[in-house]
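Student: Could you take a close look with me at one part of this model, the place where two of the chains meet? I'd like to see how the copies are arranged and what each side brings to the contact.

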Number of protein chains: 2
Amino acid sequence: MPSLKAVLVIADGMADRPVKELDWKTPLEFARKPTLNRIAETGICGILDPIAPGIPPGSDTATLALLGYDAVKTYSGRGALEALGSNVKVLPGDVAFRCNFATVNQNQTVLDRRAGRIENRDSQKLAESLSQVKLKTPNARFLFKSTIQHRAVLVIRGPRLSANISDSDPGTTGEKVMDAKPLDDSPEAKLTARIVNTLTREFHKCLTSHPVNRERVKRGLPPANMILCRGAGTLPNVKSLAHIYGIKTSCVAATPLVRGVCRAVGMKTIDVQGATGTLQTDYLAKARATVQALRSNDFVLLHIKATDVASHDSKAKQKAEAIEKLDNMLNYLIEHVDLNSVYLAVTADHTTSSATGNHEGDPVPIAITGPSVRRDSVKEYDERSCAGGGLHRIRGVDLMPILMNLLGKTSKFGA
Amino acid sequence: MPSLKAVLVIADGMADRPVKELDWKTPLEFARKPTLNRIAETGICGILDPIAPGIPPGSDTATLALLGYDAVKTYSGRGALEALGSNVKVLPGDVAFRCNFATVNQNQTVLDRRAGRIENRDSQKLAESLSQVKLKTPNARFLFKSTIQHRAVLVIRGPRLSANISDSDPGTTGEKVMDAKPLDDSPEAKLTARIVNTLTREFHKCLTSHPVNRERVKRGLPPANMILCRGAGTLPNVKSLAHIYGIKTSCVAATPLVRGVCRAVGMKTIDVQGATGTLQTDYLAKARATVQALRSNDFVLLHIKATDVASHDSKAKQKAEAIEKLDNMLNYLIEHVDLNSVYLAVTADHTTSSATGNHEGDPVPIAITGPSVRRDSVKEYDERSCAGGGLHRIRGVDLMPILMNLLGKTSKFGA
């Protein structure tokens with residue numbers, strides 16, 4: 001008998017509420033989705049609260065939960081996950097931030113939080129110079145890396161630090177750059193805030209006089225003369241999936257935050273040409289990469305961002321179209337894996353309302369198909385049909401033990 | 001778009017078990033209740049364990065849970081809630097008690113725990129005299145207030161106190177008044193017990209010789225010559241709903257205990273003429289007050305006691321009649337609020353068995369109707385029909401996050 005394996009497909013923000021535009025159906029209910037329905041029909045279905053009923057999760061906390069971790073206990077901020085996902089090494093003890101290249105005036109008032117969506121070429125040159133800035137705090141070092149356009153990450157390393165500090169990013173234009181402030185009385189938080197504020201000043205000095213910015217101004221572009229920091233975070237203190245279940249794991253995901261969560265729990269991240277994390281992503285390339293990864297892994301996470309992109313834009317029909325493309329991708333998947341030995345679970349990391357454009361706290365549908373599930377009578381994959389399934393209502397943190405148990409990878413509790 | 005609001009209707013003890021008298025239907029199943037059914041049909045339904053499966057809740061712990069608080073962690077005794085609900089000010093650190101005017105003989109044996117259900121006129125005069133009693137403990141003060149008939153509250157304030165002491169009320173006739181005893185070794189518990197015992201003696205002295213009691217004996221009435229204390233409690237240490245969700249809240253309730261819980265979490269309590277907390281309460285007046293309160297609040301709790309009164313008397317048909325009156329009240333409510341912007345949730349705080357007359361640990365039905373709920377196929381509002389609904393089985397503490405998320409008042413956990 002071939003060894004049992006599992007694929008978990010997470011469609012970002014796929015679940016929704018009934019929308020007037022779709023005659024009070026959800027995008028899932030509205031979409032044509034024969035493969036999702038086939039997975040529901042051959043599987044066991046239910047609804048799932050990623051964190052807890054009514055709590056709107058972020059993609060980071062939800063993914064942590066869906067990978068079996070208690071997010072309330074282990075989540076330690078977005079910065080380190082984002083940095084990890086952007087191929088920046090983060091060590092235990094490091095404090096990491098998401099950063100933006102921004103444009104400020106002489107009063108430090110933010111004019112553009114994205115410095116005119118500066119091109120990679122410019123932001124990378126600026127980042128190289130920022131990396132040369134000297135930090136005088138004893139034993140402290142930093143890493144600064146531009147990722148895409150105006151986005152960057154900052155990692156501070158060295159003495160005893162704390163992520164419990166506030167953002168320097170005011171989050172909106174027309175406001176001044178803020179001082180990072182310690183959010184508790186610890187010397188660690190005070191020191192970390194001080195380092196961020198020092199770097200902010202030194203970066204500003206370096207950027208203001210930088211040839212790239214002089215050139216930008218000449219071309220009529222906003223200078224990228226400020227670095228805004230937000231989302232201070234440390235690595236979550238968790239054991240790897242390999243340690244917990246003794247499995248080999250990989251993830252196929254384009255979104256840096258999700259890649260970061262996967263790396264934080266010890267998963268290998270696979271790069272896929274054409275996987276962009278947008279509506280134009282190459283779904284089939286991701287499916288092919290998943291089938292390929294399954295040959296050498298016990299568990300593969302396949303994450304699709306497109307469904308969430310559409311709903312944040314409050315475009316319910318576009319979301320239904322993204323679901324139809326996902327359905328087509330799933331068709332490739334079930335045609336290329338052996339469902340006699342592979343379990344396939346399909347869920348969302350959270351509900352995103354096409355009406356509000358926000359992450360919401362409603363549960364998401366879940367279906368698991370594969371050789372030994374207790375197939376139920378649900379025939380369609382959507383929020384309301386799955387609610388009638390044999391899994392009933394579970395939590396995000398329950399899913400991984402269920403899958404790992406089907407794979408024979410859980411240990412008996414007791415005798 | 002008008003701002004979203006919510007009404008939570010709690011029918012005290014409305015849920016029940018199947019009763020022989022009603023041909024093994026529950027009172028909810030037996031009652032004619034078109035409006036409750038309409039709410040179920042247009043909404044999402046489920047069953048709810050106020051605390052946890054099998055645990056019979058009090059109205060105080062259940063209401064705390066339904067307002068989103070972890071009752072197991074925050075509940076700190078009935079006394080302070082009862083006092084708050086009786087318009088007695090309770091401060092952090094105070095220890096409060098529910099008290100009865102009672103009749104004892106010369107051996108301190110309780111002859112009547114309600115002193116012949118003494119009239120307000122008499123009990124209020126006696127309470128005025130009791131307030132004059134001098135307490136010699138340094139820095140200690142007390143407040144004593146008669147509420148309705150034989151009922152009263154006592155609040156002790158001053159030095160470091162503890163609510164971890166036993167009752168002086170034996171709970172039954174034919175038993176002697178008990179000494180309050182510290183239930184732990186702390187000096188606070190010892191001191192508080194000593195103060196209660198001193199007050200019990202001094203109150204007894206004052207009451208025995210009181211002209212009101214001499215007059216009562218002449219009229220052939222039992223003298224109210226003893227104060228029995230029970231249910232020592234402090235304020236629960238909780239943040240207000242305004243703090244947690246940034247909402248304005250009010251409650252329409254007649255029962256002091258429920259009013260006390262609402263005040264403890266920062267809700268405004270609204271007085272309604274004709275709202276009595278009995279079977280004869282003015283249901284429509286409460287509905288009108290709720291509609292009125294909704295104009296200036298985000299969230300209104302409407303509590304009806306009548307359903308519980310009937311079941312404690314083991315009168316299943318009378319309970320069904322109270323449900324029919326509640327149904328009529330709900331009809332007024334849905335005709336006078338705009339269900340395009342108002343969410344309406346209807347539940348009970350606990351099951352009360354018409355057979356045992358006790359609070360029981362069975363779950364209660366819950367239905368939520370309003371603009372964006374995932375309407376399910378349930379068509380009738382009762383314990384068994386709602387069990388097939390899209391909410392499945394939730395806990396009391398889950399309800400408030402679900403409602404507040406529908407109102408857009410919850411914060412995202414993570415990014």
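Tutor: Happy to; here is a walk through the contact between chain A and chain B, and then through the domains of chain A. Keep in mind that this is a predicted model.

Let's begin with the arrangement. Chain A is superposed on chain B by a rotation of 122 degrees, with 0.0 Å of shift along the axis and an RMSD of 0.3 Å. The two copies are thus related as by a three-fold rotation axis. The residue of chain A that comes closest to this axis is A:His392, whose C-alpha lies at 4.0 Å.

Now the contact itself: 27 residues of chain A are in contact with 18 residues of chain B. On the side of chain A, at least two residues each come from helix 3 (59-66), strand 13 (359-360), helix 14 (383-386) and strand 15 (392-395). Sorted by class, that side of chain A holds 11 nonpolar, 8 polar and 8 charged residues. Only 7% of the interface residues of chain A are also interface residues in chain B, so the copies meet through different surfaces.

It helps to set this against the layout of chain A, which is divided into domain 1 (5-75 + 238-406) and domain 2 (82-233). The C-alpha centres of these two domains of chain A are 33 Å apart. Between them, 7 residues of domain 1 are in contact with 6 residues of domain 2. The side of domain 1 that touches domain 2 in chain A is made up of 4 nonpolar, 1 polar and 2 charged residues.

Definitions and conventions. Residues numbered from 1 in each chain as written. Chains lettered and ligands numbered in written order. Predicted model: local features only at pLDDT ≥ 70, side-chain atom pairs only at ≥ 80, totals over all residues. Least-squares fit on C-alpha atoms with pLDDT ≥ 70 in both. Contact = placed C-beta atoms within 7 Å. Domains from an automatic or database assignment. Nonpolar A, V, L, I, M, F, W, Y, C, P; charged D, E, K, R; others polar. Helix = DSSP H or I, 4+ residues; strand = E, 2+ residues; numbered from the N terminus.
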